[in-house]
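Here's a quick tour for anyone who likes to poke at coordinates. Have a look at the model first, then we'll go through it piece by piece.

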Amino acid sequence: MRQAQHLTLAALALSLMPTFAVAERNLVPTLDRSFDVCPDRPAEPVWMQEIPLRQAYQRVLVQDIYRAQNLERIVETGSCDCEIRFPSWDDAEAMFRESYASDERWEMLEASEGYNRRANAARTAAKAICDAAGNW
């Protein structure tokens, strides 16, 4: 009886191997950034890409500012054109430098939470506008 169970499990494992092999091939990570929606979106500022890991919270804050600003802009304008959904990083970067660059880590984390709340509040309306434009 025990041998039959092992044979059944072995057969099941062997039958799933091709599926796992195909799935594994489809999960190859890449550094290529290609997007189906708004493929010409601007890259993050270089300083953000090169920020030391111990200061990653600064990068996250700028990303959160960017996301909130953009979702709110979509709702305000009623448009989801690519330049509205993915503008340059200048406004988010300026907001960070003017309001948060000298803050302590915990203050930046609090600010990130606030921007995430703002983004989440605008997300549903922005998504509806972008879905209608085919840009979500």
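How much space lies in the largest pocket? About 310 Å³, and that's for a predicted model, so keep the usual pLDDT cut-offs for local features in mind.

## The pocket

Let's start with the walls. The largest pocket has 15 lining residues, and the ones nearest its centre are Arg41, Tyr66, Arg67, Asn70 and Phe86. Helix H3 supplies the largest share of that lining, with six residues.

In terms of chemistry, the lining splits into seven nonpolar, six charged and two polar residues. As background for reading a pocket volume, a probe the size of a water molecule is rolled over the atoms to show where empty space is left.

## The overall layout

Zooming out, the chain has six helices and zero strands. Read from the N terminus, the order is simply α-α-α-α-α-α.

The chain has 136 residues, and 28% of them count as buried. Taking contacts with a separation of 6 or more, 68% are between residues 24 or more positions apart.

## The nonpolar core

The largest nonpolar core is made of 25 residues, and Leu61, Ile65, Ile74, Phe96 and Tyr100 have the most contacts inside it. Helices H3, H5 and H6 are the elements that each give two or more residues to this core. H3 gives the most, with eight residues.

Phe96 is a handy residue to click on. Leaving out residues up to four places away in sequence, Phe96 touches Trp47, Gln58, Leu61, Val62, Ile65, Ala101 and Met108. Two of those names, Leu61 and Ile65, are also on the list of residues with the most contacts inside the core.

## Helix H6 and its bend

H6 covers residues 105-133 and bends by about 45° at Arg123. Its buried residues are Met108, Ala111, Ser112, Tyr115, Ala119, Ala122, Ala126 and Cys130. What do they pack against? The partners are helix H3 (56-77), helix H4 (82-85) and helix H5 (90-99). Just past the end of H6, Gly134 takes a positive phi of about 75°.

Two H6 residues make a nice pair to look at. Ser112 sits in H6 and counts as buried because its relative accessible area is 6%, under the 20% cut-off. Beyond residues up to four places away in sequence, Ser112 touches Val60, Leu61 and Asp64. Asn116 is in H6 too, but is partly exposed, with a relative accessible area of 27%. With that same sequence filter, Asn116 touches Asp64 and Arg67. Asp64 therefore shows up as a contact of Ser112 and of Asn116, going by heavy atoms within 4.5 Å. Asn116 also has a C-alpha 8.1 Å from that of Ile65, with their positions 51 residues apart in sequence.

## Gln69, a buried residue in H3

Is Gln69 buried or exposed? This H3 residue is buried, with a relative accessible area of 13%. Not counting residues up to four places away in sequence, Gln69 touches Asp91, Ala92 and Met95.

There's a link towards H6 as well: Gln69 and Ala119 are 50 residues apart in sequence, yet their C-alpha atoms are 7.6 Å apart in space. Ala119 is one of the buried residues of H6.

## An odd phi at Cys38

One backbone spot is worth a look if you're checking torsions. Most residues other than glycine have a negative phi. Cys38 goes the other way, with a positive phi of about 50° although it is not a glycine.

Where is Cys38 found? Cys38 is in the loop between helix H1 (2-25) and helix H2 (46-49). Cys38 counts as buried because its relative accessible area is 4%, which falls under 20%.

How values were computed: Residues numbered from 1 in each chain as written. Predicted model: local features only at pLDDT ≥ 70, side-chain atom pairs only at ≥ 80, totals over all residues. Heavy atoms only, no water. Bend = angle between axes of the 7 residues up to and from the residue. Helix = DSSP H or I, 4+ residues; strand = E, 2+ residues; numbered from the N terminus. Buried < 20%, exposed > 50% of the residue type's maximum accessible area, 1.4 Å probe, protein only. 1 Å grid on protein atoms, 1.4 Å probe; cavity = no way out; pocket = protein on both sides within 12 Å on 5 of 7 lines; lining within 4 Å. Points joined across faces, edges and corners; volume = space filled by probe spheres on them. Nonpolar A, V, L, I, M, F, W, Y, C, P; charged D, E, K, R; others polar. Core = buried A, V, L, I, M, F, W, Y, C linked by side-chain atoms within 4.5 Å.
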